[in-house]
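Thanks for coming. I will go through one model today, starting from its interior and working outwards.

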Amino acid sequence: YIPRLFLEYFRKGIIRTCAYEFLDEWNNPSNKEANFGLLRNDLSPKPAYTALKHLIHLLKDPGGNSFIQGSLNYTLSLNPPQEYDRKDYVRSLLLQKRNGDFYLVLWHEISNADISTIPSREIEPPPIPAKLILADPIKSATVYSLDDYGNMSASAATNRTNSVSLEITDKVTVVKLVPQK
């Protein structure tokens, strides 16, 4: 949830978000009050830390100079499973780097646990098939996905296209779009 939390706040215009807390207070896995950190008590990273690190690395754009923002005319067509029509919970955030590349960040804002049971039961919401349709062809598109452990993988780049097929899950997906120049 940590990458989604930071992205959702940024999407809402909050430019700085802090997480509580960075490091687990002590080594006691059975005490939930001791385990809110992004790092374990022994300084080993948790999946949330790893995911946030990879997301920051992919999206960082160092430099203080302003630049002229471009625009990207696109539509996102969602085709959820018939028994799971939750289009209203799909979130998106379009970012652009100084070099002109766009990064469309997508996620399905849904819990991956059933908290009506004690202990909570993990659930796997189905992915929502989607098609990103671009008004103008782009030079290339690369899809980056986070897994359960916070690791990020990239699919092969698609060259010169007007559409990208995706599956939107409860984990963050980033589509890097390189415009034709």
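Before the first residue, one term: by contact, or touching, I mean heavy atoms within 4.5 Å. And a caution: what you see is a predicted model.

With that cut-off, take Val175. Leaving aside residues up to four places away in sequence, Val175 touches Phe102, Tyr103, Leu104, Leu106, Leu132, Thr142, Val143 and Leu166.

Val175 belongs to the largest nonpolar core, which has 18 residues. Which of those residues touch the most other members? They are Leu132, Leu166, Val175 and Leu177. Four strands each supply at least two residues of this core: S3, residues 102-108; S6, residues 128-146; S8, residues 158-168; and S9, residues 173-179. The biggest share comes from S6, which gives seven residues. There is also a second, separate core, this one of 12 residues, and among them are Leu55, Val105, Tyr144 and Leu146.

Next, the charged residues. How many salt bridges does the structure hold? The count is eight. I will show some of them.

Start with Glu8 and Arg91, whose side chains meet in a salt bridge at 3.8 Å, N to O. Glu8 is in helix H1 and Arg91 is in strand S2, residues 90-96, so this pair links parts of the chain that are 83 residues apart. Both of these residues are buried. Arg11 comes in here as well: Glu8, Arg11 and Arg91 are linked in a network of salt bridges.

Now Lys171. Its salt bridge with Asp148 has the closest N and O atoms 3.0 Å apart. Lys171 sits in the loop between S8 and S9, and Asp148 in the loop between S6 and S7, so the pair ties together parts 23 residues apart in sequence. Lys171 is partly exposed, at 24% relative accessibility, while Asp148 is exposed, with a relative accessible area of 55%.

Lys171 also meets the side chain of Asp170 in a salt bridge, at 3.2 Å, N to O. Is Asp170 buried or exposed? Asp170 has 9% relative accessibility, so it counts as buried.

Asp170 takes us to Arg4, which has its place in helix H1. Not counting residues up to four places away in sequence, Arg4 touches Trp107, His108, Glu109, Ile110, Asp170 and Val172. Arg4 counts as buried because its relative accessibility is 6%, and the cut-off for buried is under 20%.

On to the aromatic rings. The structure holds two aromatic pairs. In one of them, Tyr20 and Phe36, the ring centres are 6.3 Å apart and the planes are at 50°, so the pair is tilted. Tyr20 and Phe36 are both in the loop between helix H1, residues 2-11, and helix H2, residues 47-59, so the pair ties together parts 16 residues apart in sequence. Tyr20 counts as exposed, at 60% relative accessibility. Phe36 has 38% and counts as partly exposed.

The other pair is Phe22 and Tyr49. Here the centres are 6.3 Å apart and the planes are at 70°, so the pair is edge-to-face. Why edge-to-face rather than tilted? Because the planes are at 70°, and over 60 degrees counts as edge-to-face. This pair links distant parts of the chain, with Phe22 in the loop between H1 and H2, Tyr49 in helix H2, and their positions 27 residues apart. Tyr49 is partly exposed, with a relative accessible area of 27%.

Phe22 turns up again on the surface. Together with Leu23 and Leu43, Phe22 makes a nonpolar surface patch of about 300 Å².

The last residue is Tyr149, in the loop between S6 and strand S7, residues 152-154. Tyr149 is exposed, with a relative accessible area of 59%. What does Tyr149 touch, not counting residues up to four places away in sequence? Tyr149 touches Pro47 and Thr50. Tyr149 and Thr50 are 99 residues apart in sequence, yet 7.4 Å apart in space, C-alpha to C-alpha.

To go back over the main items: the largest nonpolar core has 18 residues, with S6 giving the most to it. Glu8 and Arg91 form a salt bridge in which both residues are buried. The two aromatic pairs are one tilted and one edge-to-face. That is what I had; over to you.

Terms used:
Residues numbered from 1 in each chain as written. Predicted model: local features only at pLDDT ≥ 70, side-chain atom pairs only at ≥ 80, totals over all residues. Heavy atoms only, no water. Phe/Tyr/Trp six-rings, centres within 6.5 Å; stacked < 30°, edge-to-face > 60°. Buried < 20%, exposed > 50% of the residue type's maximum accessible area, 1.4 Å probe, protein only. Patch = residues over 30% accessible without salt bridge, like charges linked within 9 Å, V, L, I, M, F, W, Y side chains within 5 Å. Areas by Shrake-Rupley, 256 points an atom, 1.4 Å probe, with all protein chains shown as cover. Salt bridge = Lys/Arg side-chain N within 4 Å of Asp/Glu carboxyl O. Core = buried A, V, L, I, M, F, W, Y, C linked by side-chain atoms within 4.5 Å.
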